[in-house]
Amino acid sequence: MKLDPDALTAARDRTLPDVLPALGEPLHVLFCGINPGLYSAATGWHFARPGNRFWPALHLSGFTDRQLRPAEQAELTRYGLGITNIAPRATAQAAELTAAELRDGAVRLRALAEARRPRFIAVLGVTAYRTAFARPKAVVGPQDEPLGPARLWILPNPSGLNAHWLLPALASAFAELREAAKDGPAQ
């Protein structure tokens, strides 16, 4: 779907609601993007920009039995999955966010983890994670420190701009998390 440039401009600073299972339903993995892009904010769907590899990686890793389209994001909840963002406001690039916005997002994410109690939180973007959580040496993969009651996992950013992570490697990183998430209690 091609969007009018005016629609993209109008989407700047919009927010997207989280995609979460109903209260009381299981939340196995909460995927946490950096922030919505303009395309996502204009459509109302997370990871909506053509070329974003979140949906293909999610399917190829085995989290979903078919590749969902961004417009089907609510379907994630039947798999016990959810989506949120570190920073809520939409920008053309994540580099437009301030360090303070990322740190504020870390506080919000910790509160969300306490309230919704996912087994795992998967932050999609190691650079944003490093800034938000003051962990300058963090690397992709499982983290030693939990986030509230959740086990914390860092995944590569699935944006098409993150070209050094090709789809097979991205799907493999997602699959490692999927294997850990199905192996019993997170802690």
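This passage describes the strand arrangement, the helices packed on the sheet, two buried asparagines and the salt bridges of a predicted model.

The model contains an open sheet built from 5 strands, which follow one another in the order β2-β1-β3-β5-β4 and pair in a mixed manner. The edges of this sheet are taken by β2 (residues 81-85) and β4 (residues 141-142); each of these has a single partner strand, so one side of each is left without a neighbour in the sheet. Strand β3 (residues 120-124) is joined by 5 bridges to β5 (residues 151-155), and the two strands run parallel. The pairing of β3 with β1 is likewise in the parallel sense and extends over 4 bridges. Individual residue pairs can be assigned within this arrangement: F120 stands opposite R151 in β5, while A122 in β3 is the bridge partner of F31 and is also bridged to W153 in β5.

The surroundings of β3 can be described residue by residue. F120, A122 and L124 point one way from the strand, whereas I121 and V123 point the other way, and all are buried. With 5 of its 5 residues buried, β3 is therefore largely enclosed by the rest of the structure.

Two helices are placed against these strands. Helix α4, which comprises residues 99-116, lies across β1 (residues 29-33), β2 and β3, and runs at about 155° to β2. Helix α6, which comprises residues 167-182, also packs on the sheet, where it touches β1, β3 and β5, and its direction makes about 165° with that of β5. Strands β1 and β3 are thus met by α4 and are touched by α6.

Attention turns next to two asparagine residues located in loops. N35 is placed in the loop between β1 and α2 and, at 12% relative accessibility, counts as buried because this value falls under the 20% limit. A polar atom of the N35 side chain lies 2.9 Å from the backbone oxygen of R89. When neighbours within four places in sequence are left aside, N35 is in contact with N85, A87, R89, A90, T91, A94 and L97, and R89 therefore appears both in this contact list and as the provider of the backbone oxygen.

N52 occupies the loop between α2 (residues 38-43) and α3 (residues 54-60), and its relative accessible area of 18% places this residue in the buried class. The side chain of N52 has a polar atom that lies 2.8 Å from the backbone nitrogen of F54. If residues up to four places away in sequence are not counted, N52 touches F47, P158, S159 and G160.Charged side chains were examined over the whole structure, and the search finds 12 salt bridges. Side chains of opposite charge can pair when their charged atoms come close. One of these pairs is formed by R66 and E72, for which the closest N and O atoms are 2.8 Å apart. R66 is partly exposed, with a relative accessible area of 34%, whereas E72 counts as buried at 15% relative accessibility. A salt bridge also links E75 to R78, again with the closest N and O atoms 2.8 Å apart; here E75 counts as partly exposed at 31% relative accessibility, and R78 counts as exposed at 52%.

In the salt bridge between R135 and E145, the closest N and O atoms are 2.6 Å apart. R135 lies in the loop between α5 (residues 126-132) and β4, and E145 lies in the loop between β4 and β5, so that the pair ties together parts that are 10 residues apart in sequence. R135, with a relative accessible area of 33%, is partly exposed, and E145 is partly exposed with a value of 38%. Finally, D13, R89 and E101 are linked in a network of salt bridges, and the backbone oxygen of R89 is the atom that lies 2.9 Å from a polar atom of the side chain of N35.

Methods
Residues are numbered from 1 along each chain as its sequence is written. This is a predicted model: local features need pLDDT of at least 70, side-chain atom pairs count only at pLDDT 80 or more; totals for chains, interfaces and linings use all residues. Side-chain values use heavy atoms; hydrogens and water are left out. Two strands pair if DSSP finds at least two bridges between them. Contact means heavy atoms within 4.5 Å. Axes are lines fitted to C-alpha atoms, for helices over the stretch in contact, and angles run from 0 to 180 degrees between N-to-C directions. Buried means under 20% relative accessible area, exposed over 50%, partly exposed in between (1.4 Å probe, protein chains only). A polar contact is a pair of N or O atoms within 3.5 Å; within protein, one must be able to donate a hydrogen and the other to accept it, and residues adjacent in sequence count only if both atoms are side-chain atoms. A salt bridge is a side-chain nitrogen of Lys or Arg within 4 Å of a carboxyl oxygen of Asp or Glu.
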